[in-house]
Amino acid sequence: MALEAAGGPPEETLSLWKREQARLKAHVVDRDTEAWQRDPAFSGLQRVGGVDVSFVKGDSVRACASLVVLSFPELEVVYEESRMVSLTAPYVSGFLAFREVPFLLELVQQLREKEPGLMPQVLLVDGNGVLHHRGFGVACHLGVLTDLPCVGVAKKLLQVDGLENNALHKEKIRLLQTRGDSFPLLGDSGTVLGMPTGQPSPSLSQALRSHDRSTRPLYISVGHRMSLEAAVRLTCCCCRFRIPEPVRQADICSREHIRKSLGLPGPPTPRSPKAQRPVACPKGDSGESSAAGGAPSPQRQADRTTPGGRRSTAQHQVGQR
């Protein structure tokens with residue numbers, strides 16, 4: 001894109017985006033708003049959604065946006081929709097929502113209009129919520145615009161407010177022994193920004209060990225209309241593998257749609273067999289496949305480990321959504 005080739009959008013655009021983030025941030029609700037969120041067994045929760053944007057390999061413009069809805073607690077796909085899109089906003093660290101959320105919002109609105117009975121009661125988003133430079137990541141952005149409870153689920157630590165993937169942080173990760181173990185992410189400002197899943201916490205983000213057979217934690221943060229404690233518990237309940245099933249299935253759906261749309265070779269991306277969600281930790285591998293059209297790119301991986309954005313413009317951006 002011309003803007004990207006020129007080094008990004010003009011300063012006035014960035015200023016506009018910052019003002020819009022600040023305006024929308026004022027509407028973020030970081031507490032439970034639904035009765036099912038306060039129930040230990042999530043009684044009343046029937047549908048959990050996941051969203052994803054995957055990129056065509058080597059193409060920073062063409063992408064596929066996907067929305068899936070799974071039954072709960074069975075975690076079986078009851079709805080999925082994917083569409084190829086052309087991105088108009090450039091990738092800028094810290095502003096990924098302006099690049100991707102419009103397409104995800106369209107998918108949610110389409111479902112709301114055509115099949116309201118299948119609307120998810122909560123969305124799990126591959127990215128951060130309040131764990132963000134300005135406290136308003138992609139999970140917050142999508143949550144406020146859809147008015148749905150949202151949870152930020154990031155695979156790598158976004159290093160903001162003094163948070164670092166240093167020796168101390170790695171030692172804390174090592175002490176996460178079983179699924180559900182977690183620790184709060186405390187920034188230099190004194191704000192607890194996130195946490196791994198496992199223990200109740202009044203904070204807004206946390207690190208979580210989501211699977212017994214995975215030593216890499218997830219970074220859970222409040223998106224909108226849900227407490228961190230409920231967000232962490234829900235994420236754990238949705239994990240057959242390391243990645244929560246709504247996010248994993250949205251990723252599979254988007255990459256398979258790219259493969260079919262572009263006529264790329266290769267078998268369909270495998271989806272795990274239908275099974276009841278285990279009450280305890282699920283068994284198995286990470287479940288993170290790398291079929292055509294959606295493997296994580298170096299830029300997205302870098303964005304998740306530095307004070308920057310979310311997923312890269314090559315295939316599947318990763319970082320500060």
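Is C64 buried or exposed? I started my notebook with this cysteine and found C64 buried, at a relative accessible area of 0%. A reminder to myself before going on: this is a predicted model.

**Entry 1: cysteines**

Next I wanted to know how many disulfides the structure holds. The count came back as zero. I then looked up the surroundings of C64, and its nearest cysteine sulfur belongs to C253, 6.8 Å away. C64 is accordingly in no disulfide.

I moved on to C237 and asked which cysteine sulfur is closest to that of C237. The closest one sits in C238, at 6.7 Å, which is too far for a bond. For a pair to count as a disulfide, the two sulfur atoms must be within 2.5 Å. I also noted that C237 counts as buried, because its relative accessibility is 19% and the cut-off for buried is under 20%.

**Entry 2: salt bridges**

Now for the charged side chains. As a friendly rule to keep in mind, side chains of opposite charge can pair when their charged atoms come close. How many salt bridges does the structure hold? I got 12, and I looked up a few of them one at a time.

**Entry 3: helix α6**

I began with E171, which forms a salt bridge with R174. Their closest N and O atoms are 2.7 Å apart. Both residues lie in helix α6, which covers residues 167-174. They are three residues apart, about one turn of the helix. I checked the accessibility of E171 too: at 32% relative accessible area, E171 is partly exposed.

**Entry 4: helix α7**

Where do E229 and R233 lie? I found them in helix α7 (residues 228-237), four residues apart, so about one helical turn separates them. The two form a salt bridge, with 2.5 Å between the closest N and O atoms. E229 is partly exposed at 22% relative accessibility, and R233 is partly exposed with a relative accessible area of 22%.

**Entry 5: helix α8**

My last pair was R255 and D251, whose side chains meet in a salt bridge of 2.8 Å, N to O. These residues belong to helix α8 (residues 245-261) and stand four residues apart, about one turn of the helix. Are they buried or exposed? I noted both R255 and D251 as buried.

One more note on salt bridges: I found E34, D147 and R225 joined into one network by bridges that share partners.

Notes
Residues numbered from 1 in each chain as written. Predicted model: local features only at pLDDT ≥ 70, side-chain atom pairs only at ≥ 80, totals over all residues. Heavy atoms only, no water. Salt bridge = Lys/Arg side-chain N within 4 Å of Asp/Glu carboxyl O. Helix = DSSP H or I, 4+ residues; strand = E, 2+ residues; numbered from the N terminus. Buried < 20%, exposed > 50% of the residue type's maximum accessible area, 1.4 Å probe, protein only.
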